[in-house]
Amino acid sequence: MLSLHSARTRGSGGRIGLAIAGGGPIGGMYELGALRAMDEAMDGLDPTRLDCYVGVSSGAFLAAGLANRMSTAEICRIFITGTSDDAEFRPETFLRPNVAEYLQRATRLPQLYAEWGRRLMRNPRKAVRWSDLVMRFGGLVPTGLFDNAGVEAFLRDVFNRRGRSNDFRELEADLFVVAVDLDSGEAVRFGETGWDNVPISQAVQASSALPGLYSPVEINGRHFLDGALRRTMHASTVLERGIDLMIGINPLVPFDATRAGPQADEAEQVGLASGGLPAVLSQTLRTLLQSRMQIGMEKYPHQFPNIDQLVFEPNASDSELFFTNLFSFSSRHRVCQLAYRNTLTDLRLRADVLRPMLAAHGIRLRDEIIGDRHRSILDGLDVPPRMTETTARLRRALDDVDQVIAQRRAGSGRRVA
């Protein structure tokens, strides 16, 4: 599903910003599929050379990678096909039990038990109340089931190789990663002045620390959680930076079971309540996140009337996406393919409206891509020759030279015209 707003008056700067929301591992894979489709279908759009990026939670992984000039094809090879010679993705790295915190909190049990015993002697009736027991012993429960240190280590390794950087200040484009301060509820944009000295890998670790799943991440004496707790996509972060086109991706929308087709399974036909608590919680989370995002998106055309805005989302009837475990890694190829096909379909169905809008930003739809109804995300993922660290840096430098030459030719053409 594609939502769009056409600018009232378009500028001539051609600056493009990308906002990527969160959604857990499955949401991240949906966003990757959508990005890959745009990369292939929109000639003139290079996702690695945009002017501004903002990422939240799983979207922060992708935003940080793109801002570091990692192509959508290479990210797909890392997370989907496993054919990358750049990085090796191991799902178990992201799902290691939080043993250290379990043990640390367990050491407090004797002290808490002794305190409770003294309280029991003084006031037996009050000491055995459930509310009192929960408050007193709740501190023994870890703040997260899994240790997210592996997230930071994986990204730190990737961003410190092949000419990339783990420092916001060294990137060519503006990158912002949003997390929420646990103690104040304040949204912090890592990458802004004052927070740009935090390593990108650590900022992504904080932004993706979903409460209950991962522990809060301590940075500069403050503890941070998932950035989606305040806003779903934080699109205003890029809209406020003088861009001309904003592209947004939100992977979580509520499922409309009333539109389930004849192929729907029993849970879809009978109703989501038949799926028990997991289905109810999933639908609740999706509804809250999307409704909150829609409130913001309804305001943006009035606040930023001269910026073209495109937001890609799944279809409400995509039961396959809804009934896939939000934190499943094994389904990543299937979800990525679904997003890829959905995005190409959106571009094809709205092509007449999109063509003049995109042309103003030097972007052209490729009819041979959007018109191919059988195209797979794997079709454009040929494995490139293996590269050493030196050859990777050389290729990056040559790409920079090509970019400068192309920009000078474009500028020369405009002056002649």
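**A235 and S236**

I began with A235 and listed its contacts (heavy atoms within 4.5 Å), leaving aside neighbours within four places in sequence: A19, M246 and Y300 are in contact with A235. I should record here that this is a predicted model, in which local features need pLDDT of at least 70 and side-chain atom pairs count only at pLDDT 80 or more, while totals for chains, interfaces and linings use all residues. Residues are numbered from 1 along each chain as its sequence is written, and side-chain values use heavy atoms, with hydrogens and water left out.

A235 is found in the loop between β11 (222–226) and α10 (236–239); helices (H or I, at least four residues) and strands (E, at least two) are DSSP runs, numbered from the N terminus. Is A235 buried or exposed? Its relative accessibility is 2%, so I entered A235 as buried, the term meaning under 20% relative accessible area, with exposed meaning over 50% and partly exposed in between (1.4 Å probe, protein chains only). I also checked A235 against Q309, which is 74 residues apart from it along the chain, and found 9.9 Å between the two C-alpha atoms.

S236 has its place in helix α10 and is buried, with a relative accessible area of 4%. With neighbours within four places in sequence again set aside, S236 is in contact with R189, R231 and Y300.

**Strand β2**

I turned next to β2 (residues 16–20), where five of the five residues are buried, so the strand is largely enclosed by the rest of the structure. I16, L18 and I20 point one way from β2, whereas G17 and A19 point the other way, and all are buried.

Which strands pair with β2? Taking two strands as paired if DSSP finds at least two bridges between them, I found β2 joined by five bridges to β12 (residues 245–249), in parallel, and by four bridges, also in the parallel sense, to β4 (residues 52–56). On the β12 side A19 stands opposite G248, and on the β4 side L18 stands opposite Y53.

**Nonpolar cores**

For the cores I used sets of buried Ala, Val, Leu, Ile, Met, Phe, Trp, Tyr and Cys residues joined through side-chain atoms within 4.5 Å. The largest has 83 residues, and L32, M38, Y53, L175 and F190 are those with the most contacts inside it. Helix α1 (residues 24–41) gives the most to this core, with nine residues.

I followed F190 further and, leaving aside its neighbours within four places in sequence, noted contacts that include F168, L175, F176, W195, I219 and F224. Apart from the largest core lies another, of 20 residues, among them A21, A228, M293 and V311.

**Helices α9 and α15**

In α9 (residues 200–207) seven of the eight residues are buried, so I noted this helix as largely enclosed by the rest of the structure. The buried residues of α9 are I200, S201, A203, V204, Q205, A206 and S207.

In α15 (residues 351–359) I found A351, L354, M357 and L358 buried. Seen down the axis of α15, these buried residues fall within an arc of 130 degrees, so they line one face of the helix; the arc is that of the directions from the helix axis to the C-beta atoms. D352 and P356 are exposed residues on the face of α15 turned away from its buried side. The partners against which the buried residues of α15 pack include β1 (2–5), β12, β13 (308–312) and α14 (332–349).

**Cysteines**

Counting a disulfide as a pair of cysteine sulfur atoms within 2.5 Å, I arrived at zero disulfides. C336 is in no disulfide, and the nearest cysteine sulfur, that of C76, is 4.8 Å away. C336 is buried, with a relative accessible area of 0%.

**Positive phi**

Most residues other than glycine have a negative phi, and I therefore wrote down the exceptions I came across. R69 has a positive phi of about 65 degrees although it is not a glycine; R69 lies in the loop between α2 (58–67) and α3 (72–81) and counts as buried at 16% relative accessibility. R162 has a positive phi of about 55 degrees, also without being a glycine; R162 is found in the loop between α8 (149–159) and β7 (174–181) and counts as buried at 9% relative accessibility.
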